[in-house]
Amino acid sequence: NLPSRVKIVDVGPRDGLQNEKQPVPAAVKIELVHRLQAAGLKEIEVTSYVSPKWVPQMADNHAVMQGVRRQPGVRYSVLTPNLKGFEAALADKPDEIVVFGAASEAFSQKNINCSIAESIERFAPVVQAAKAAGIAVRGAMSCTVGCPYEGDVPPSRVDYLAGLMKGIGVEHVGVADTIGVGTPKKVQAAIEATLKHFHIDQVSGHFHDTYGQAVANTLAALEMGVWHHDTSVAGLGGCPYAKGATGNVATEDVVYLLHGMGIETGIDLDALIDAGTYISEQLGRPTNSRVARALLAK
Ligand code: HMG
Ligand code: MG
């Protein structure tokens, strides 16, 4: 069932940087996007249009989107939790917007300040407006295996959320292990629940690496045929509303895994490692990519 090619969305500029305590200048975020596209990334999650009180690091969304020198064939996506965010994003012409819900009620409340049902009511007009504007729509589903507030999350909750997302016209969903507690069988069960509503071509994996399981979980998803994966250069990141959660699986590590199995990505690993080195130096900390560490030590 392994796919012959995989599409990677680098979420580093958004998921990777949103939790940084020190302000990261817009110019650095823009340079990171440029380096990612130079490395062959065709999908980049650039920023989010959320409340600057909630997530101060993303307050420069407009400057970042305006500053990116767009490359033809690259899709630039942004997070929009409500119509206010969508309208702000529209001016910056994203190719894709992401509405983000959660499979657990507690996380929905902490992250976006409303229940799952209310979140869907807020997303519905965003999805309609995006489609009317010719913008693609992705839905992120947080806490599909575990929640920092509720513990284990059963697949039935994922089934429920995926059905709601489908019902409002979301075209593609990401199965997120927000706090990285998942192991392969649990992640497969969450994907199985999602596949009741979405075709395999419309499902992404989004695995955080807090417990060191994200590469294994990525392989488990690949074995089911999932060929879209969200990853973060240098393994940057963490969610501000999931205490202690670390970054997404490192893009470098997933590219190494895929190339090692003969699966195409269109990404140049050396150029990607350069992008990871750049942002790690800017943040003043070592990369979280094991592959980058190993290759740089050679
Ligand atoms: P709220 O307080 O319920 O919203 O927040 P509200 O409509 O009552 O408005 C309150 C204030 O926020 C008002 O401003 C609004 O104008 C403003 P005030 O009058 O107080 O000055 N506001 C906004 N400002 C800018 N952009 C907007 C916006 N909407 C309202 N779009 C809201 C609701 C969703 C806005 C808030 O809870 C929020 O911003 N949360 C942040 C969520 C977030 O960014 N989380 C991290 C990303 S999700 C993630 O990382 C998970 C993912 O990676 C998958 C995974 O790993 O699980 C995707
Ligand atoms: Mg995430």
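**Close-up views of a predicted barrel model**

Just after helix 5, Asn113 adopts a positive phi of about 65°. Keep that residue in mind, as we return to helix 5 below; please note also that everything shown here comes from a predicted model.

**Figure 1. The whole protein holds 12 helices and 10 strands.** Its radius of gyration is 17 Å, close to the 19 Å that the globule rule gives for 298 residues, so the protein is as compact as a globular protein of that length. Along the principal axes, the C-alpha trace spans about 50 × 40 × 35 Å. Of the 298 residues, 53% are buried. If you like contact maps, here is a number to take along: among contacts between residues at least 6 apart in sequence, 73% join residues at least 24 apart.

**Figure 2. Eight strands close into a barrel, with parallel pairing.** Going around, the order is 1-2-3-4-5-8-9-10. From one strand to the next, the twist averages 25°. As a general reminder, strands of a sheet pair through backbone hydrogen bonds, either parallel or antiparallel. The next two views step in on parts of this barrel.

**Figure 3. Strand 1 pairs with strand 10 and with strand 2.** Strand 1 covers residues 7-10 and strand 10 covers residues 228-231; the two run parallel and are joined by four bridges. Towards strand 2 (residues 43-48), strand 1 has two bridges, again in the parallel sense. Asp10 is a handy residue to look for in this view. Its bridge partner in strand 10 is Thr231, while in strand 2 the partner of Asp10 is Ile44.

**Figure 4. Strand 8 sits between strand 5 and strand 9 in the barrel order.** Five of the six residues of strand 8 (residues 172-177) are buried, so this strand is largely enclosed by the rest of the structure. Strand 5 (residues 136-142) pairs with strand 8 over four bridges, in the parallel sense. Two of the facing positions are easy to pick out: Arg138 stands opposite His172, and Gly139 stands opposite Val173. Turning to strand 9 (residues 203-207), you will find five bridges to strand 8, and these strands run parallel too. Here Val175 has Gly205 as its bridge partner. To get from strand 8 to strand 9, the chain passes through helix 8 (residues 184-194), making a right-handed β-α-β crossover.

**Figure 5. Helix 4 (residues 83-90) has Gly85, Phe86 and Ala89 as its buried residues.** Seen down the helix axis, these buried residues fall within an arc of 100°, so they line one face of helix 4. What covers them? The cover of the buried residues of helix 4 includes strand 3 (75-79), strand 4 (96-102) and helix 6 (116-132).

**Figure 6. In helix 5 (residues 105-112), the buried residues include Phe107, Ser108, Asn111 and Ile112.** Around the axis they cover an arc of only 105°, which puts them on the same side of helix 5. These buried residues pack against strand 4, helix 6, strand 5 and strand 6 (146-147). Strand 4 and helix 6 may look familiar, as they are also listed among what covers the buried residues of helix 4. And there, just after helix 5, is Asn113 with its positive phi.

Key:
Residues numbered from 1 in each chain as written. Chains lettered and ligands numbered in written order. Predicted model: local features only at pLDDT ≥ 70, side-chain atom pairs only at ≥ 80, totals over all residues. Rg over C-alpha atoms; globule rule 2.2 N^0.38 Å. Buried ≥ 20, exposed ≤ 12 C-beta atoms within 10 Å, placed from the backbone. Contact = placed C-beta atoms within 7 Å. Pairing = 2+ DSSP bridges. Right-handed = clockwise from strand over helix to strand, strands pointing away. Arc of directions from axis to C-beta. Axes fitted to C-alpha atoms, helices over the stretch in contact; angles between N-to-C directions.
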